[in-house]
Every structure is written in C-alpha cells, then in structure tokens.
Amino acid sequence: METSSFIASKASPINYSSTWEAPSNIALIKYWGKHEPQLPKNSSLSFTLSSSKTKTKVIFKPHPKNEIDFEFYFHGIPKPDFKAKLNSFFDRIHTFIPWIFNYRLEIHSENSFPHSSGIASSASSMAALSLCIMDLEQQLFPEIKQAYFFNKASFLARLGSGSAARSIHGPVSLWGKNKERKKSSDLYATPFGPSLNSVFHDYQDTILLVDKGSKKVSSTQGHSLMHGHPFAENRFIQATNNLSALVPIMEAGALDDFIHLVELEALSLHAMMLTSNPYFILMQPNTLAIIHKVWEFRKETSVPLCFTLDAGANVHLLYPKQNIELVHSFIKQELSCFCQNRQYLFDAVGTGAKKV
Ligand code: PMV
C-alpha cells in the first residue's frame with residue numbers, strides 16, 4: 001500500500017465514542033535511526049506485550065470549527081502539558097483523516113504500568129489513540145476492510161512514534177521493508193503470521209526496573225544522532241541481516257540462536273549510543289550486573305533465559321513459559337537487589353490491541 005491510499009475523504013460528522021486498549025512492545029531487532037516522515041532506516045521486529053498497555057477512550061463531538069480541537073486527560077486529570085506532543089501528532093496525520101476537522105475530541109487515557117517506571121508509553125498510547133480514530137473512520141466509511149483498518153491504524157501510530165506502529169498486532173510484529181517478508185512495509189507494521197513457533201506465543205518478559213527516572217537522552221535525540229554516525233550504515237545492514245536471520249529461528253523455535261541474536265541486538269543498540277557524537281550511556285552499573293548474572297545463570301542451569309534492552313537502563317528478561325518457576329526464584333533471590341525499590345513487572349507476549 002502507498003501513502004496516498006491512506007488519505008480518507010471528508011464526511012459529515014456524527015456523535016461517537018470509542019475505547020481501545022493497545023499494548024506496549026519490546027523490540028528484538030531494534031529500530032534506531034530514521035528519516036522523514038518517521039520512516040525507519042532498517043526493519044525491526046518486536047514482541048507485543050500483554051499486561052503493559054494503554055487504554056484510551058475518545059469522545060468525538062461534532063463541531064464545525066475547521067481546526068483540530070481536543071482535550072487530554074490522563075488517569076482522569078486534565079494534562080495540558082501533553083498538548084504539544086498531540087498537536088504535532090495531529091499535524092502529521094490530519095491529511096489522512098480530513099474528516100477530523102469537524103470534531104472536538106475528549107481523549108481519556110490511562111496506563112496499566114506505573115507512570116514513572118522508565119517504560120515508554122508512547123508506543124501503546126499512540127497505537128490506542130490511532131485505533132480510536134480508525135474506529136470512527138470505519139463508522140464514517142463502512143466499506144473499509146479489516147486489513148486496511150489495521151494497516152492504517154499502524155500507519156497513523158507510526159507518525160506519532162515509530163515503534164508505536166508495532167503496538168497493533170500480536171504476538172510478534174514486524175515493521176520496515178525486508179526482502180524476506182513480502183508484505184513488510186516501511187509505512188506500517190505487519191504481524192509475523194502463523195509460521196511463528198508456538199514457544200513464542202506465551203514467551204515471558206519480566207521487566208527489571210533498574211532506573212525509573214526519565215531518560216537523560218530522549219529516543220528522538222538518539223535517532224537523530226544516527227545521522228552522520230560513523231557506524232550508521234553498517235548498523236542498518238547488520239539489523240536488516242539480523243532480522244532476516246531471526247525469522248527462520250523464530251519459526252523453528254531454535255532458542256540458542258534466538259538468544260544469541262537478541263542479546264547481540266540489545267548490545268549493538270547501546271553500542272550506537274556509546275559511539276554517537278556526543279556519546280552517551282543509558283545503561284547503569286546495575287544493568288551490567290544483571291547481564292553478568294543472567295549469563296552465569298544460563299551457563300549453570302542451561303535455562304534459555306536472555307535479556308534485551310530498550311533505550312534505557314531497565315532490563316527485559318525473556319524466557320519460555322515452562323521455565324517460569326526457576327526464573328522467578330532467580331529474579332527474586334539474585335536480581336531484585338539491582339532494581340530500584342526491588343521493583344520488577346511480570347509481562348508476557350500478548351495477542352495485540354483490542355476494542356473495549
Ligand atoms: O519509537 P521511538 O522513537 O521511541 O524509538 C524506539 C527505539 C527503541 O525502543 C530503542 C527500539 C525499538 O525498535 O523499539
């Protein structure tokens with residue numbers, strides 16, 4: 001699908017209200033580096049989570065003012081400071097939803113995970129809002145097909161936050177053109193599809209909250225430091241090749257190879273940060289302590305436990321459901337001491353966004 005196929009027509013306004021829940025996601029193959037308009041420099045692939053999610057309700061009221069008008073509430077409290085981010089989102093998407101100018105929006109959003117936990121909520125929140133918008137578009141244009149609905153929701157979410165494109169489908173989502181996957185696109189994410197090995201359908205993700213503060217360098221700044229980065233072009237090739245290699249590994253359920261590529265990707269992402277100019281470090285000493293502990297544990301027990309990292313200090317521990325007991329007691333006894341207030345969140349791979 002081309003960008004132009006996502007441009008809707010104008011339509012007479014109706015009263016409508018829509019609520020969607022969209023999950024957070026954790027990338028296994030990382031997106032780091034982009035070009036306008038929010039297009040990735042390499043394809044990426046993620047686990048869609050299940051418990052960490054955003055629920056958003058949008059009340060659409062007709063109002064022929066010919067400008068985008070909205071109010072935003074977070075956990076029931078008006079948040080005018082979120083307006084700037086939403087305004088730039090609407091600036092990016094209004095061409096594709098010209099009918100929006102006939103509405104006043106009341107947006108109510110809440111996250112299932114603690115606000116200051118270092119878990120980015122932009123992916124789940126942009127995905128949930130985009131799905132509410134598409135829900136109304138579907139009412140206005142009932143001929144819209146399901147595939148178009150989800151592709152456009154992902155397309156709109158991407159314009160809010162790149163990784164949000166992957167917060168629509170579960171259990172594994174792929175964003176960015178990759179020659180191994182015919183349906184893949186830079187414009188929106190697509191599901192991995194039925195060939196995914198069953199071990200990954202309920203894979204576990206425990207998020208160790210090493211640093212719950214906000215990041216010193218935002219992902220927007222991090223992405224832009226990939227322009228002119230001496231290793232950028234090789235990194236984009238590496239990520240693309242890693243994704244091509246990971247797909248058959250995830251079809252086969254080959255866990256040793258999975259672990260190797262996932263950890264390689266996590267450390268390659270942070271290597272880009274270490275070698276940006278200006279350079280920066282988002283890992284903390286406790287991040288490294290956890291990584292070493294995970295390696296020791298894996299060597300001693302042969303349990304296929306591995307880690308991945310987001311753009312921050314927190315560590316995502318990934319493991320098959322059948323290893324829950326052993327891993328949970330390892331986390332409690334040996335890793336919780338590295339977490340802020342000994343806090344960690346249990347999550348698992350989920351099925352994707354849902355209408356409430
Ligand atoms: O979607 P953004 O702009 O917040 O960037 C996300 C970047 C990473 O989380 C580090 C990687 C990814 O693919 O999600």
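The exchange below goes through a predicted model and asks what lies behind the terms used for its ligand site, strands, core and loops.

Me: What makes Ser 163 a polar contact of the ligand?
Reply: An N or O atom in the side chain of Ser 163 is 2.6 Å from an oxygen atom of the ligand, and since a polar contact is a pair of N or O atoms within 3.5 Å, the pair therefore qualifies. Two further side chains can be set against that cut-off: a polar side-chain atom of His 223 lies 2.9 Å from a ligand oxygen, and for Asp 310 the distance from a side-chain N or O atom to an oxygen of the ligand is 2.8 Å. Of the 380 Å² of accessible area that the ligand has on its own, the protein covers 91%.

Me: Which residues are closest to the ligand, and how does the shell around the ligand divide?
Reply: The ligand is surrounded by 13 residues, with Ser 163, Arg 166, Ser 219, His 223 and Asp 310 the closest, and the shell is made up of five nonpolar, five polar and three charged residues.

Me: Why are S1 and S4 called paired strands?
Reply: Strand S1, residues 16–29, and strand S4, residues 44–62, are joined by 12 bridges and run antiparallel; pairing asks for at least two bridges, so the two strands count as paired. Within this pair, Pro 23 has Lys 53 in S4 as its bridge partner.

Me: How do you know that S4 also pairs with S7 and S8?
Reply: With strand S7, residues 103–111, S4 shares nine bridges in an antiparallel arrangement, and Ile 59 has Glu 106 of S7 as its bridge partner. With strand S8, residues 172–175, S4 pairs over four bridges, again in the antiparallel sense, and here Leu 45 stands opposite Leu 174.

Me: Which residues have the most contacts inside the largest nonpolar core, and which element gives the most to this core?
Reply: This core has 51 residues, and those with the most contacts inside it are Phe 90, Trp 99, Leu 105, Leu 131 and Ile 133. Among the elements that give two or more residues are S1, S4, S7 and the helices H1, H2 and H3, and the one that gives the most is H2, with 11 residues.

Me: Why is Ser 268 called buried?
Reply: Its relative accessibility is 9%, and buried means under 20%, so Ser 268 is placed in that class. Ser 268 is found in helix H6, residues 255–274, where a polar atom of its side chain lies 2.7 Å from the backbone oxygen of Leu 264.

Me: What makes Ser 302 and Arg 342 exposed?
Reply: Ser 302 has a relative accessible area of 62% and Arg 342 one of 52%; exposed means over 50%, and therefore both values meet the condition. Ser 302 lies in the loop between H7 and strand S11, while Arg 342 is found in the loop between helix H8 and strand S13.

Me: What is phi in Ser 302 and in Arg 342, and why is it noted?
Reply: Phi is near 60° in Ser 302 and near 55° in Arg 342. These positive values are noted because most residues other than glycine have a negative phi.

Me: Which peptide bonds are cis, and where do their prolines lie?
Reply: Among them is the bond from Gly 170 to Pro 171, with omega near -15°, and Pro 171 is in the loop between H3 and S8. The bond from Asn 277 to Pro 278 is also cis, with omega near 5°, and Pro 278 has its place in the loop between H6 and helix H7.

Methods:
Residues numbered from 1 in each chain as written. Predicted model: local features only at pLDDT ≥ 70, side-chain atom pairs only at ≥ 80, totals over all residues. Heavy atoms only, no water. Near = heavy atom within 4 Å. Polar contact = N/O pair within 3.5 Å; in protein donor to acceptor, adjacent residues only side chain to side chain. Areas by Shrake-Rupley, 256 points an atom, 1.4 Å probe, with all protein chains shown as cover. Nonpolar A, V, L, I, M, F, W, Y, C, P; charged D, E, K, R; others polar. Core = buried A, V, L, I, M, F, W, Y, C linked by side-chain atoms within 4.5 Å. Buried < 20%, exposed > 50% of the residue type's maximum accessible area, 1.4 Å probe, protein only.
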